Amino acid sequence: MRVLIAFALLATGCQAAPSQPKSTTAATLGQVAQRYSYRVVNTYPHDPGAFTQGLFWLDGHLYETTGQEGASNLRRVNLEDGRVLQQADMPANVFGEGSTPWGDQILSITWQNGIGYRWNRQTFQQVGTWRYEGEGWGLANNGREIIMSDGSETLKFLNPDTLQEVRRVRVTVNGQPLPRLNELEYIKGEVWANVWNASEIVRIDPATGNVTGVIDLSGLVRENRGPNQDVLNGIAYDAERDRIFVTGKYWPRLYEIAITPAN
Ligand SMILES: [Ca+2]
């Protein structure tokens, strides 16, 4: 069933209703002068049944939120073997999206359901919800605010207590918008973002929205190309050990990578 859903989504263009073709995204990304490549530091198993929408590192474990109606959940994952240590399912009519920790909670959003969840970080019990306008794609935090993407070029900054928007920036390359910002991570003062259906991660100056660099992960995308595999998505940062993890939807592998200058 999950495979059928995956094929159906691939056939219909998946989670986005793209306002511009993939080639436009590639052209926009191609204008970024600062290019980076990567080196694989470690490779780990990743649940190929996980339609990865949110990914972050906390207290020695990976946390992941998954998508698809009937298969959306929050999970704590053991890095070394990919084992799911704890899981909380979302309602069957909900399509899960990004997630980020905040205090003793985990916040997660949904694609088109307009609802966000507050989870107890330890017990995974749902302790609250909030409503928002528009779509929900990625979530991260900068220690003061929650950062949210919605499928457009906009990053919204939310008050973590009220989850109300306090400001927003447009993410651009030489003034051109870069839409379809997906999974997010806040890394050393920058916002890193997946761009839906692209093989690159972009580095964003959160003050201006300028894309300051592009990391080309097309090698990893090629490694995970298969009949059931979907797009590159998911960035997690272990600040304590300065480790960066990336994966993709239904990918069988998750990688710790080091960023290197492009050749
Ligand atoms: Ca993330």
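Trainee: Among contacts in the protein chain between residues at least 6 apart in sequence, what share joins residues at least 24 apart, and what makes a pair a contact?

Mentor: The share is 51%. Two residues are in contact if their C-beta atoms, placed from the backbone, lie within 7 Å. The model is predicted; local features need pLDDT of at least 70 and side-chain atom pairs pLDDT 80 or more, while totals for chains, interfaces and linings use all residues. Residues are numbered from 1 along each chain as its sequence is written.

Trainee: Why is the protein chain called as compact as a globular protein of its length?

Mentor: The radius of gyration, taken over C-alpha atoms, is set against the globule rule, 2.2 Å times the number of residues to the power 0.38. For 263 residues the rule gives 18 Å and the chain has 17 Å, which is close, so the description holds. Along its principal axes the C-alpha trace spans about 45 × 40 × 40 Å. The secondary structure comes to 3 helices and 22 strands, these being DSSP runs numbered from the N terminus (helices: H or I, at least four residues; strands: E, at least two).

Trainee: Why is Glu80 called exposed?

Mentor: Exposed means 12 or fewer other C-beta atoms within 10 Å of the residue's own; buried means 20 or more, and partly exposed lies in between, with C-beta atoms placed from the backbone. Glu80 has 9 such neighbours, so it is exposed. Glu80 sits in the loop between strand 4 (73-77) and strand 5 (84-89). Between Glu80 and Asn182 there are 26 Å in space, C-alpha to C-alpha, at a separation of 102 residues in sequence.

Trainee: What makes strand 2 largely enclosed by the rest of the structure?

Mentor: Of the 7 residues of strand 2 (residues 52-58), 6 are buried, so the description follows. Over the protein chain, 40% of the 263 residues count as buried.

Trainee: How do you know that strand 2 and strand 3 pair?

Mentor: Pairing requires that DSSP find at least two bridges between two strands. Strand 2 and strand 3 (residues 61-66) are joined by 6 bridges and run antiparallel, so they meet the criterion. Gly54 has Thr65 in strand 3 as its bridge partner. The hairpin has 2 residues between the strands, and Asp59 takes a positive phi near 50°.

Trainee: Which sheet do these strands belong to, and which strands are its edges?

Mentor: They belong to an open antiparallel sheet of 4 strands, in the order 2-3-4-5. Strand 2 and strand 5 are the edges, each pairing on one side only. Inside the sheet, strand 3 and strand 4 are antiparallel and share 4 bridges, with Glu64 opposite Arg75 in strand 4.

Trainee: What makes a set of residues a nonpolar core, and how many residues has the largest here?

Mentor: A core consists of buried Ala, Val, Leu, Ile, Met, Phe, Trp, Tyr and Cys residues joined through C-beta atoms within 7 Å. The largest has 51 residues, and those with the most contacts inside it include Ala193, Val202 and Phe245. Strand 17 (residues 190-195) supplies the largest share of this core, 4 residues. Beyond four places in sequence, Ala193 touches several residues, among them Gly138, Leu181, Asn182 and Val202.

Trainee: Which strand does strand 17 pair with in the antiparallel sense over 5 bridges?

Mentor: Strand 16 is that partner, and Ile187 is bridged to Glu190 in strand 17. Both strands lie in an open sheet of 8 strands with mixed pairing, ordered 16-17-18-19-1-22-21-20. Strand 16 (181-187) and strand 20 (232-238) are its edges.
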